[in-house]
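Work through the exercises below with the sequence and the model at hand. Each task is followed by a solution in steps.

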Amino acid sequence: MFASNLLLLLAIILPLASLLLALRPDWQQAYRYCLPVLPLPALLAGLTLGPDASLELPGLLLGGLWGLNELRQVFLVLTATLWLAAGVFAVGYLKVHYLRRFCVFWTLTLAGNLGLVIAQDVASFYSFFALMTFAGYGLVVHEGSKEANRAGRVYLAMAVAGEMAILTGLLMAVQQADSGLLADLPAAVAQADRRWLIMFLLLAGFGVKAGLPLLHFWLPLAHPVAPTPASAVLSGAMIKAGLLGWLVTLPFGEVSLPGWGNVLVILGAVGSLGGAVLGVRHRRPKAVLAYSSISQMGLMTLMVGAALANAEYAGPLFAVIGLYVLHHGLAKGSLFLSTAMALPAGRSGQWLLWVLVALPGLSLSGLPYTSGAASKLAMKELLKPENFEFALAPYLPALMSAGAVATMLLVWRFLWVQRTAVGTGNNPVFMWLGWGLATISSLVLFWFLPWPREASVPGWPGSMVHSAWSLVWPILLATIISAVAWRSVKQR
Amino acid sequence: MNLSVLMPVFALMTSLLASVVLFALPEKGHRLRTIINLAAAILKIALVGVMIWGVAQGCKYEAAFTMLPGVEFVLRADALSMLFAGLSALLWLLTTIYAVGYLEDSPNRSRFFGFFSLCVASTMGIALAGNLFTFFLFYEMLTLSTYPLVVHRGTTKALRAGRNYIIYTLTGGAVLLFAIAWLHGLVGDLRFQEGGYFSDIAPSMRGPLAIIFVLMMVGLGVKAALVPFHGWLPQAMVAPAPVSALLHAVAVVKAGAFGIIRVVFEIYGLEAAKDMGLLAGLSVVAAFTIIYGSTRALYQVDLKRRLAFSTVSQVSYIVLGLCLLGPVGVAGGLVHLVHQGIMKITLFFCAGNYAETLGVHRIDELDGAGKRMPGTSVAFTLGAFGMIGAPPLAGFITKWTMGSGALAVGMDWVVAVLVISSLLNAAYFLPILHRLWFAEQCEPWPHERRWGRLETSAWLLWPPLITAALMLVAGLIANLPFSPLSWAELIVAREVAL
Amino acid sequence: MTLWLMAGLLFTPLAWAVLTLLLDFSKGRVVTWLGILVQVLVSLGLWAAVASDGEFLYLLGGWQAPMGIELRVDGLAVTFVLLTALVAAACGWHASIYLDPDKPWNRYFWPLFWFLWAGLNAVWLGGDLFNVYVGLELISLAAVGLVALGGQADALRAAIRYLMAALLGSLAYLLGVALIYGQFGTLSLAGVTDLVSNGGAQSNLTFPLILMLLGLALKTALFPMHGWLPPAHGIAKSPVSALLSALVVKASFYIAARLWLDLGGDLGGYALAQLIGVLGSLAVIWGSWLAFRQAKLKQVVAYSSVAQIGYLFLLFPLTWGVTDAISQQAQQGITLQVVSHALAKAAMFLAAGNLIMSVGSNRVDALAGVSRFLPFSLFSFGLAGVSLMGLPPTGGFAAKWLLLQASLASGQWWWLGVLLAGGLLSAAYVFRVYRASFIEATDTDQFYHPSRSLEVIPMILALLSLGLGLVAEPVLSVMSLPFEGAGS
């Protein structure tokens, strides 16, 4: 008990304590090397602690409660892993330019991101969320270019507006629940007189982070201009914080709300397809990846909508969402990190690199025997039209297939532009390590964790053989489209 | 004469006597002056600390004597007064430390510190006043003792600001005196009493009482900078930074707000004030002030002026909180008395540091100041976020508590006001922070001074850091006993029967 | 015992006056120090006696007035006696340092000073209309002499003007007294009061009352008859100005107040009371405004006296046709106003004298930078100003508070505006001086520093006027037998 409490506490305290290293300018090199260490306690907590670990901090804010449950465990492992990989990468990536400042904002964002995952009371959750949001600004504008400043302005404006929506929504929910614990909110929201308003505020507020269509503008602006490790965590981990916000506050499993389900499914569809349409037009790899994130978040929004529409399926869908979050976060993080990698001189090395870059991309679009395939199958299994009664339910499979095509298209586009953008040279060893860590965990770690397997389809992995075609045809279709497009561009 | 009588008197006397001694000191006795200042401030913190402990245990501290036929002079320590007294004692020490550093090598220090202590003594008197008469006594004393501080620099601008300040506040004081005298004529000498007096007042009295209430709000509203009586505040920022800090955080604006609290709670009583329909009007004024102040702040290019308009806005939170007729909302308003003080003093300290160290007064000159003065800038950042209401800082606790309180009593529009104000706060603070941390310095600082290893003088650096830390702590441990929030809840539990 | 003390208060000053007349300045100074000590002790003794025995009425020599001298002492008289002792002692002490011993005419300061004191005590303690008149004349002549002291043309002109006003006032007063005497055959105030209240209101007696009040108002410089005061007070030496403003004008007011309280109820009327009140109010407003406009420091203070005296005349409407309680409140308020104004104005004039001495100019704008070099005197000036503004915790505030209460209780709410506006206007002229003193960056760095005791005296007076508000209750208890009780 004591050890688990200590671990939870340490997960937050260690990053915050590391801020002391910023006191002296000449400690900044030491600080740089500390970055990978910071998420370790959290990772340890995510991997070793059971889902019932909890830590009461009655004096904190308005009464604090930190802890884990199944869902948070997934988020914690993802977040910590990704920050770890990106942290390692950052050691090699960073230059001396404003190193100390970067480390400080990195640490603060990290602490916020980890903290919001383990926070179980509203006040600390909101605190960590805000910490992450505001500190994230420092990562976005770090380069100091005009473009970065502009992106930062859009990011901040939307984030502040989002924060206010969240604050209002949480206030109303807490008022209704008469409790400061997140666990009590869904039931209270379900019963509230002004349920629509609370839900609207929370959806919109967290939707800014989650890149909901029309609230996504900051995403393609901010991700390309941030330093690469920061983009990785922005897209891989922080974007998921919005999703987590939805999952812990909205009335899942309490009441079926087909109307909201419809709305979210539409938004998800628009996000997943619209993101692809907009994304393929971009020339910069990180912008394409950012749109890919919007597109992927669209798919997750789809699931959220379905879970809202049918209370019975909320539990199973949560498990699948967790699976998807883990898969997408790691894969996207790895892809973002790869944008900064230079090609080695040797031809075989180049090939190896391209394969390793492409693999997480293919995983995203559901190549069999990748984490993407597992998540997609699990998703398809649950999102059968017969399980749901809302108006758009029959279109779910089609939407998912279209989403898979869109995903693959974006991956091709990414590889295409990356090929033109990439240079050759030597990568610092820490960049190799960080990127490698991200890629490996994206491809391998997934299989060693206990819960993804539980959440996925029974009879697995054998079942994948039967459903292989359903996974492969979108990839092929997208590949054909890409090839045609490529040829036509080349001829011109 | 037992200790319970003497304690409030002692608390008042520490700064009053200090002021007398400081006036008498020769201009050159800098070291001695600093020692006396700090010793008095520390002694006062100790005294107030003891009283806070005692009040929490239920002790009563009261000293009274008859001043005029039918009028008593009452000093009393209750939970509410301790909220304000604690704040002012604590910030006095920090501001004194700051002022010692700030005024290094400047003339007229004897005068400055004398009036400074006098100003704090008045604040303490306002906190401890046990009836309206005593309150008014110190309220006017505060006006007088701050004037020399406002015009301290002796420039034309300072003198003009001082003149406006005095016109506003003395006129407000006259209105207040009129109201107090009228009330006294109607109902006699009223000590502040929990729950107020007018819960079952005869209907015929309601008319005059309502008018008196409005007059009192006008009189107190001048100091609390309620629109349209706020005009003096932005001008008064020409004063030296420690003065602005004190003015905006503890002394003047808070005196007004505190007076409004006293009148609403302990003369009229919250229920009665609501029944007479007085609070609705007040809440609208406060809400308007909040929005108006924030909006004006957006357009200021001078850092201290922007902060001043921010004060206009923030102080009205306290007033607005009172109008939320539920225990939660009221506690939110009360706790902001402390929170706003800590946050605003931090910001003014920092503004003073930029001006004193770099010669920077305008916001567009701040580019890159974070690299040159990281400590100050960290404190400023925390203060700004506190003002925006970002968790887990003190400002968040206020906003959260007030928001919950407003929702609990169905005054949803207050939440909208809070949100709009937060957005505006963000709009005028975040660009400053961007300049501090992310903009590159493009031209040399206007008047840079160097203090060896540290970014600025240690006297100037530590106070904002401490207040910033306090602000963080006040937010983080809001749920522990003796935190500002818990104390505000204690007051509400004791004083307001809702 | 009480009798001897009273006699001592009346006659010993005359003795000091004669003695100092024979001596030169420095010796006169020593005598004066001794005399001040004696007078203060005797005054305190009288206070102790009245406090233990109560009020006292004595017909000196056994004759009725006008042949004999009727003496009367009550709490109020004691209060004024003490006030006189205090302020006169302070001014005498100040003058003994302030005045230049080498100027030959200054040796006449001491006799005039003592005559003035004697006259004042005669007015406070006098019980009949004629002897009060004698005291009043003594005061006026001594005061004119003091103003003229120093002999420059301006001073002489002001003194002559003052003399004219004083004589005219005396004349009007004397006429009224004569008419009263013709009616009743007595000059004893107590006797007249008895007769009036027993015989019912007689319309033809209103005229003598008005006449007397008119004369006294002229001497008190009530608006619009204030023209003589500012030049006289402004031009005189600072200790003299202090004496004049603090005490001399109060003497005629004191008599007017006694007359009104004893006779006004029967002989006066609502319209008369209101008229006097309105004139007082106009004095407050107009005097303050003129004070604000003055370029010379002492003129500011002098016009401020015009304004402050205006408050005193609110006594008339606030005690006519009201209940005893309200009347008492108003009387207490006015008494406090008299005392606090005396202390504050004396302090202010003395401090102004110091300021002028140190900057070498009597203009307000010459004060720039003084706050750096002469904070002590400036501070005294400021504290006194606080009392004039009627801000707490000063005596001025306590007075204003009581008057506010009396106005509210009597339903004459219109005086509220006067009281509040008067406070603000006085703030305007006081702050004008502060403001000037806070101006920095002046090229005149030549400041003469007066001796420490010169600075201490106004400070003591200012502190007393400040503290008066805090101890108003005990002070008022000294005059626990107010005007009314004395008459019966």
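**Exercise 1. Compare the radius of gyration of chain B with that of a compact globule, then describe the extent and burial of the chain.**

Step 1. The radius of gyration is taken over C-alpha atoms, and the globule rule is 2.2 Å times the number of residues to the power 0.38. For 498 residues a compact globule would come near 23 Å; chain B has 21 Å, which agrees.

Step 2. Along the principal axes, the C-alpha atoms of chain B fill a box of roughly 70 × 50 × 45 Å.

Step 3. A residue counts as buried if 20 or more other C-beta atoms, placed from the backbone, lie within 10 Å of its own, as exposed if 12 or fewer do, and as partly exposed in between. By this count 67% of the 498 residues of chain B are buried.

Step 4. Chain B holds 20 helices and 2 strands, where helices (H or I, at least four residues) and strands (E, at least two) are DSSP runs numbered from the N terminus.

This is a predicted model, in which local features need pLDDT of at least 70 and side-chain atom pairs count only at pLDDT 80 or more, while totals for chains, interfaces and linings use all residues. Residues are numbered from 1 along each chain as its sequence is written, and chains are lettered from A and ligands numbered from 1 in the order in which they are written.

**Exercise 2. Which elements of chain B supply at least two residues of the side that touches chain C?**

Step 1. Two residues are in contact if their C-beta atoms, placed from the backbone, lie within 7 Å. On this basis 31 residues of chain B meet 31 residues of chain C.

Step 2. The elements are strand 1 (61-68), helix 5 (132-150) and helix 6 (156-187) of chain B. Helix 6 of chain B has the largest share, 13 residues.

Step 3. For the classes, Ala, Val, Leu, Ile, Met, Phe, Trp, Tyr, Cys and Pro count as nonpolar, Asp, Glu, Lys and Arg as charged, and the others, Gly among them, as polar. The side of chain B that touches chain C has 19 nonpolar, 8 polar and 4 charged residues.

**Exercise 3. Repeat the analysis for the side of chain B that touches chain A.**

Step 1. Here 24 residues come from chain B and 23 residues from chain A.

Step 2. Two or more residues each come from helix 17 (394-408), helix 18 (412-438) and helix 19 (458-476) of chain B. Helix 18 of chain B gives the most, 8 residues.

Step 3. The classes on this side of chain B are 18 nonpolar, 5 polar and 1 charged.

**Exercise 4. Describe how strand 1 and strand 2 of chain A are joined.**

Step 1. Strands pair if DSSP finds at least two bridges between them. Strand 1 (residues 54-57) of chain A and strand 2 of chain A run antiparallel and are joined by 4 bridges. One of the bridge partners is Gly64(A), opposite Leu57(A).

Step 2. The two strands of chain A form a hairpin with 6 residues between them, and Leu61(A) in the turn has a positive phi of about 45°.

Step 3. In a regular strand the side chains alternate between the two faces of the sheet. In strand 2 (residues 64-67) of chain A, Gly64(A) and Trp66(A) lie on one side, Leu65(A) and Gly67(A) on the other, and all are buried, so both faces are covered.
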